[in-house]
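Trainee: Could you take me through the salt bridges in this model, one pair at a time?

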Amino acid sequence: MKDAPAPAPKKGKGKAAVKPAPKPAANDSEDDEVEMDFEELVAAGAALQKLGAVDAAAETFAKALAMQPEDVDVMSSLAHAYEACDEKTKAIALHEKVVTRVPTNAPTWFALGALYQDVEKLEKAISAFRKVIALDDANASVAFAALANCYGEQGDIDGAVGVFESAVAKDPSNAKYQYNLATMLVARGTKADQKKAITAYEAALALETNRQRDIYDDLAALYDSMGDKAKAAHAREMMAKRGR
């Protein structure tokens, strides 16, 4: 998930010293530092990050943030640079500052949830992903999947099923939600779950046109596990009609 476009940086009065690229040997004695203002540092940090020079980008954004410590856009940029440097603790601390100041920032909540999950703070990750679902309908499907993964990592299949039951309740016309609910129900595996999974697979088939072959394949496997060979064979016939 990408952050929303950042507003234009604020004007900064201070300047930070940044060493220029090495000069020819004859001029080494003149290797003075170049001073950059806030806007220049932000632009330089973004350019360095695009080039993959993530350590230099982090250092540059840190200098910009030192000039304007309350600038949430630079906080976010520095947090992402720290993520790229695998400095997860520093990235988490900055993302937490951003959501404290802008609690409706769904992309930052998602980034924070992913980092919490990486460092196995699953309860915090669950809370962060639930924030995304509440704030951002456009990206809720990704957050639901991430949330279910957290419950899966905890070994809580009931929690994972509950996530997609909530997702289907939120948007029953979403084929991915129906399919994921069916998958979770099959994983839990009670007879009642199997019947509900069939209903969810059928709903997904009615809504989804691009993945019908995969859905019929899963449905056939479910019928096989239930001992219903006739329906399994029918599902495979339908799968074959969809081609490859």
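Mentor: Happy to; here is a walk through the charged pairs and where they sit.

This is a predicted model, in which local features need pLDDT of at least 70, side-chain atom pairs count only at pLDDT 80 or more, and totals for chains, interfaces and linings use all residues. Residues are numbered from 1 along each chain as its sequence is written, and side-chain values use heavy atoms, with hydrogens and water left out.

The structure holds 9 salt bridges, a salt bridge being a side-chain nitrogen of Lys or Arg within 4 Å of a carboxyl oxygen of Asp or Glu. Let's start with K63 and E59, whose side chains pair at 3.7 Å, N to O. Both belong to helix 2 (residues 54–67), and being 4 residues apart they are separated by about one helical turn; helices here are DSSP runs of H or I, at least four residues, numbered from the N terminus. K63 is partly exposed at 26% relative accessible area, and E59 is partly exposed at 49%; the label covers values between buried (under 20%) and exposed (over 50%), with a 1.4 Å probe and protein chains only.

Next, E70 and R101 form a salt bridge at 2.9 Å, N to O. E70 lies in the loop between helix 2 and helix 3 (72–84) and R101 in helix 4 (residues 88–101), so this pair ties together parts 31 residues apart in sequence. R101 is partly exposed, at 37%.

Further along, R236 and D224 meet at 2.6 Å, N to O. R236 sits in helix 12 (residues 229–241) and D224 in helix 11 (residues 212–225), so they tie together parts 12 residues apart in sequence. Finally, D86, K88 and D118 are linked in a salt-bridge network.

Note on methods: Helix = DSSP H or I, 4+ residues; strand = E, 2+ residues; numbered from the N terminus.
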